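Work through the exercises below with the structure in view. Try each task before reading its solution.

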Amino acid sequence: MATSLITVLDSMREKIDALDQSVAALRARNKELEEENEALRRTVSDTVRERDRAKLDSEFLTVSYRLAEDPDSLIDARRLISQLIRNIDRCIEMLKE
C-alpha cells in the first residue's frame with residue numbers, strides 16, 4: 001500500500017526541521033570559532049611584536065657588550081658614538097646649505 005501524501009510530507013517536515021536545527025547549531029559554532037580565531041590572531045600579532053622587541057633588545061645588549069667589557073669603557077664608547085653622530089648631523093646640515 002502506498003503511504004499517504006500527508007505522511008510523506010510530515011516525514012519531510014521533520015527532516016527539514018532537523019536540518020534547520022543542525023544548520024543553526026553549525027552557524028553558531030562557526031561564529032564562535034571565528035571569534036576565537038580573531039582573538040588568536042590578535043594574540044599572535046602581540047606576541048610577534050613582543051618577540052621583535054626582545055630580539056632588538058638582545059641585539060643592543062650584544063653590541064654594547066662588544067663595544068666594551070666594563071661599564072666605564074662602555075660609557076666612553078657611548079660618548080664617542082654620540083659625538084660621531086653629532087658630527088655626522090653637522091655634516092648633513094652643512095651639505096644642505
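The exercises go from the whole chain to single residues, and the model they use is a predicted one.

**Exercise 1. Overall form**

Task: Find how many helices and strands the chain has, then compare its radius of gyration with that of a compact globule.

Solution:
- Step 1. Count the elements. The chain has two helices and zero strands.
- Step 2. Take the reference value. A compact globule of 97 residues would have a radius of gyration near 13 Å.
- Step 3. Set the chain beside it. Its radius of gyration is 35 Å.
- Step 4. Look at the spans. Along the principal axes, the C-alpha trace covers about 105 × 40 × 15 Å.

**Exercise 2. Surface and charge**

Task: State what share of the residues is buried, and describe the exposed area and the charges.

Solution:
- Step 1. Apply the cut-off. A residue is buried when its relative accessible area is under 20%.
- Step 2. Read the share. Buried residues are 4% of the 97 in the chain.
- Step 3. Turn to the area. About 9300 Å² is exposed, and 58% of it comes from carbon and sulfur atoms.
- Step 4. Locate the charges. There are 17 positive and 21 negative charges, and their mean positions lie 2 Å apart.

**Exercise 3. A nonpolar patch**

Task: Place M12 in the chain, classify its exposure and name the patch that includes it.

Solution:
- Step 1. Find the element. M12 sits in helix α1, which runs over residues 5-67.
- Step 2. Classify M12. Its relative accessibility is 45%, so M12 is partly exposed.
- Step 3. Name the patch. L5, V8, L9, M12 and I16 make a nonpolar surface patch of about 450 Å².
- Step 4. Check another member. V8 also belongs to helix α1. V8 is partly exposed because its relative accessibility is 33%.
- Step 5. Look along the chain. S82 is 70 residues from M12, and their C-alpha atoms are 82 Å apart.

**Exercise 4. F60**

Task: Decide whether F60 is buried or exposed, and give its C-alpha distance to R29.

Solution:
- Step 1. Find the element. F60 is part of helix α1.
- Step 2. Apply the cut-off. Exposed means over 50% relative accessible area. F60 has 53%, so F60 is exposed.
- Step 3. Give the distance. The C-alpha atoms of F60 and R29 are 46 Å apart, with the two positions 31 residues apart in chain numbering.

**Exercise 5. Salt bridges**

Task: Count the salt bridges, then examine R42 with E38, R51 with D52, and K96 with E93.

Solution:
- Step 1. Recall the principle. Side chains of opposite charge can pair when their charged atoms come close.
- Step 2. Count. The chain has seven salt bridges.
- Step 3. Take R42 and E38. Their N to O distance is 3.8 Å. They are four residues apart in helix α1, so about one helical turn separates them. R42 is partly exposed at 46%, and E38 is partly exposed at 39%.
- Step 4. Take R51 and D52. Their salt bridge has an N to O distance of 2.9 Å. R51 is partly exposed at 43%, and D52 is partly exposed at 36%.
- Step 5. Take K96 and E93. Their closest N and O atoms are 3.8 Å apart. They are three residues apart in helix α2 (residues 71-96), so about one helical turn separates them. K96 is exposed at 63%, whereas E93 is partly exposed at 44%.

Note on methods. Residues numbered from 1 in each chain as written. Predicted model: local features only at pLDDT ≥ 70, side-chain atom pairs only at ≥ 80, totals over all residues. Heavy atoms only, no water. Buried < 20%, exposed > 50% of the residue type's maximum accessible area, 1.4 Å probe, protein only. Patch = residues over 30% accessible without salt bridge, like charges linked within 9 Å, V, L, I, M, F, W, Y side chains within 5 Å. Areas by Shrake-Rupley, 256 points an atom, 1.4 Å probe, with all protein chains shown as cover. Salt bridge = Lys/Arg side-chain N within 4 Å of Asp/Glu carboxyl O. Rg over C-alpha atoms; globule rule 2.2 N^0.38 Å. Lys, Arg positive; Asp, Glu negative; His and termini not counted. Charge placed at Lys NZ, Arg CZ, Asp CG, Glu CD.
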